[in-house]
Amino acid sequence: MAKKKKRPTTPAVIRENIQLYLLMLPVFILIVIFCYGPMFGLVIAFQDYMPGSPFFGESVDWMGLRHFQRFIQGKYFGRLITNTLVLSGLNLLFGFTAPILFALLIDQVKRIRFKKLVQTASYMPYFISTVVVAGMVLSFIDKGGMVTRFLTLFGLPNQNWREQASAFPAIYTVTNVWKGFGFGSILYISAITSIDQSQYESARIDGANRGQQCWYITLPGIKNIIAINLIMAIGGILGTNSDLILLLYTPATYDVADVIGTYTYRLGIQGGQYSYTAAAGLFMSAIGFTLTYIANKVSNRMTGYGLW
Amino acid sequence: MKTVRTKNRIREGSPAVTAILYLLTILVCLVTVYPMYYVLILSISAPEYAAGMDVYLFPKGFSLDAYKMLVGDMEMWRAYANTILYTVATTALMLVTCVLVAYPLTYKRLMGRKYVNMFLLIPMYFSGGMIPAFLLITKLGLYGSPLSQIIPACFSIWNIILMKAFFSSIPEGLREAAKIDGGGVVQILTRVYLPVSKPILAVIAVYTIVGRWNSWFDALVYLPRTDWQPLQLFLRRILVENTRQVTEILNPEMAAEMVRKQLSGAQLKYAMIIFTSLPVLFTYPFFQKYFVKGVMLGSLKE
């Protein structure tokens, strides 16, 4: 192998390097503490950690994989996996497709002013905080709330839907889609605008109708982005939006709403079972990472794009 | 073989379909905007109508009583001030930390650049998770401290990478020229790089501001006492936790006032939603272009 000719390391270069590293140093310290620190903190998943005790040393009770075993064999494991898959699956089905459909719809709007207005409106929910969104939803689905009243028109009871376990997946999915579809469509809309317009003209001359133009020109034009997003979404299927769940769920809906993030919060942060929940979290993120890894491999092979 | 089309007329969509598509777009728009509009009109309706919650198109009557009560709530102002403090501090530090790491990485002759990149990439795919992070914050003595809302949030590897991508697009010739003129590492940064980096700084600032303004989970975990809690946690106590009623959170005089004015809890909640979302709702149409830009930059990196 031919060696690249290296420029000599002069004192000036070394001085420059020292200065550059000094600039980076403060942030490196932050990264070491706040990103790498918790990674090493994961050793507590293999011990019986008590607050205030050290992570290493003679006083540590090493547990091996017992916490993992307890988690996997525990009665909540099945529930957590099922809930995660159901909620993420619904989100994949609707949350993933809604931005694409919206982008296709808005592409048909040819009045620029109107188009801009609709787009701006569609981003709005993304800017409202999750807490406020959850607050609004909870008030709408309460007894006598706006949505509950609307549903009574279809013969459904006037009740607080927050306490109805069967309604939770729908409430969660609709809220997620409402909050994210506009923002999610940005990438698709810009990809559509970069499609060569002459393709549409020639298609129209050949007599292609709107549906055909969409199917044969627009969709193929954005298929790479769709593929990447889809594969990444599949990879992240275990990472549910536990923020929103934590705000929306109640003990009455734990059966269908509890996911790893909320479970960890309740047992770990509130219940103080640090080692056990750290093990549970580690187990789930290991599966999640494996999925992302596989998804990325597939993406690289199929589209030539990937995260790494 | 099919018959050859005699008329090669350009096919335009039928007006009926166009109308349907426009109607559909308007419908989507309504579904997006209406919930917020409903909250708004209910919050400014006269209390006697608002209590029945049957205000759908326009406000019935007009009353700002709910807002008048809100502005007297010192706890809300405290939470507002906390959020502003966290947002301003985090955003300022975020810009500094991004620049400090992204700039040196543009130097081809930076020794060990490969290892620095690796050091930055690993945390993007692995993290310790909620519990170890919580224990770390406790060990550092940040639990319950306002610094827990600033220091862990004041840098982002993702933003560093965006920034680095932007810096790399600045021609190296510029830097070499400045070097020949005797500019040092820091001078080149402040005189050559920063002046042309306003677009990316704006993108990162806007993302950080909105993210921080709306964040609540880290505050829930790290801030047990209410005095340092941000606005979103204050809102959570009132809007989401149905264990406490609005009247319990308000002080007794205000609660009495509320009864006297016949204000319903729902109306007060709605006024609170509008009042706390106003800063974001008024400004987002102006900085949405930065968000769009951010999405584009992010997608290029994928």
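Does B:Val221 count as buried, exposed or partly exposed, and what number of C-beta neighbours inside 10 Å decides which? Keep that in mind while you select B:Val221, remembering that this is a predicted model; the residue sits in helix H11 of chain B, which covers residues 217–222. With 19 C-beta neighbours inside 10 Å, B:Val221 counts as partly exposed, since a residue is called buried when 20 or more other C-beta atoms lie within that distance.

**Around B:Val221**

With B:Val221 still selected, add A:Ile269 and B:Phe134, the residues that B:Val221 touches once those up to four places away in sequence are left out. Then select B:Val28 as well, and follow the line between the two C-alpha atoms: B:Val221 and B:Val28 are 193 residues apart in sequence and 36 Å apart in space.

**Where the two chains meet**

Now colour the chains separately and look at the place where they touch, to which chain A brings 71 residues in contact with 68 residues of chain B. On the chain A side, select helix H1, residues 11–41, which gives the most to this surface, with 18 residues. If you colour the side of chain A that touches chain B by residue class, you will find 46 nonpolar, 21 polar and four charged residues.

**Chain A as a whole**

Hide chain B for a moment and show chain A as a cartoon, where you can count 14 helices and zero strands. The radius of gyration of chain A is 25 Å, well over the 19 Å that the globule rule gives for 308 residues, so chain A is more spread out than a compact globule. If you turn chain A along its principal axes, the C-alpha trace spans about 80 × 70 × 35 Å. Of the 308 residues of chain A, 36% count as buried, and among its contacts with a separation of 6 or more, 67% are accounted for by residues 24 or more positions apart.

**Helix H6 of chain A**

Next select residues 130–140 of chain A, which form helix H6; 10 of the 11 residues of this helix are buried, so the helix is largely enclosed by the rest of the structure. To see them one by one, show A:Thr130, A:Val131, A:Val132, A:Val133, A:Ala134, A:Gly135, A:Met136, A:Val137, A:Leu138 and A:Ser139, which are the buried residues of H6(A).

**Helices H5 and H8 of chain A**

Move on to helix H5, residues 112–127, and helix H8, residues 168–193, both of chain A, whose axes come within 7 Å and cross at roughly 125°. That angle makes H5(A) oblique to H8(A), and the crossing of the two helices is left-handed. On the H5(A) side select A:Ser122, A:Tyr123, A:Pro125 and A:Tyr126, and on the H8(A) side select A:Trp178, A:Lys179, A:Gly180, A:Phe181, A:Gly182, A:Phe183 and A:Ser185, which they meet. Sorted by class, this contact has six nonpolar, four polar and one charged residues.

While you are on H5, pick out A:Lys116, which lies in this helix of chain A and which is exposed, with 12 other C-beta atoms within 10 Å. From there, select A:Arg66 too: A:Lys116 and A:Arg66 are 50 residues apart in sequence, yet 57 Å apart in space from C-alpha to C-alpha.

**A:Arg66 and its distant partner in sequence**

Centre the view on A:Arg66, which lies in helix H2, residues 66–73, of chain A. With 15 C-beta neighbours inside 10 Å, A:Arg66 counts as partly exposed. Then add A:Ala279, which is 213 residues from A:Arg66 in sequence but 9.2 Å from it in space, again from C-alpha to C-alpha.

**Back to chain B**

Finally, bring chain B back and show it as a cartoon, in which there are 15 helices and zero strands. Of the 302 residues of chain B, 35% count as buried, and among contacts between residues at least 6 apart in sequence, 69% join residues at least 24 apart.

For a last stop, select helix H4, residues 74–102, and helix H7, residues 157–168, of chain B, whose axes come within 9 Å and cross at roughly 55°. That makes H4(B) oblique to H7(B), and H4(B) passes H7(B) in a right-handed crossing. The contact is made by B:Met94, B:Cys98, B:Val99, B:Val101 and B:Ala102 of H4(B), together with B:Asn159, B:Ile160, B:Met163, B:Lys164 and B:Phe167 of H7(B). Colouring this contact by class shows eight nonpolar, one polar and one charged residues.

Conventions. Residues numbered from 1 in each chain as written. Chains lettered and ligands numbered in written order. Predicted model: local features only at pLDDT ≥ 70, side-chain atom pairs only at ≥ 80, totals over all residues. Axes fitted to C-alpha atoms, helices over the stretch in contact; angles between N-to-C directions. Helix = DSSP H or I, 4+ residues; strand = E, 2+ residues; numbered from the N terminus. Parallel < 35°, antiparallel > 145°, perpendicular 65-115°, else oblique. Left-handed = near helix turned anticlockwise from the far one by under 90°. Contact = placed C-beta atoms within 7 Å. Nonpolar A, V, L, I, M, F, W, Y, C, P; charged D, E, K, R; others polar. Rg over C-alpha atoms; globule rule 2.2 N^0.38 Å.
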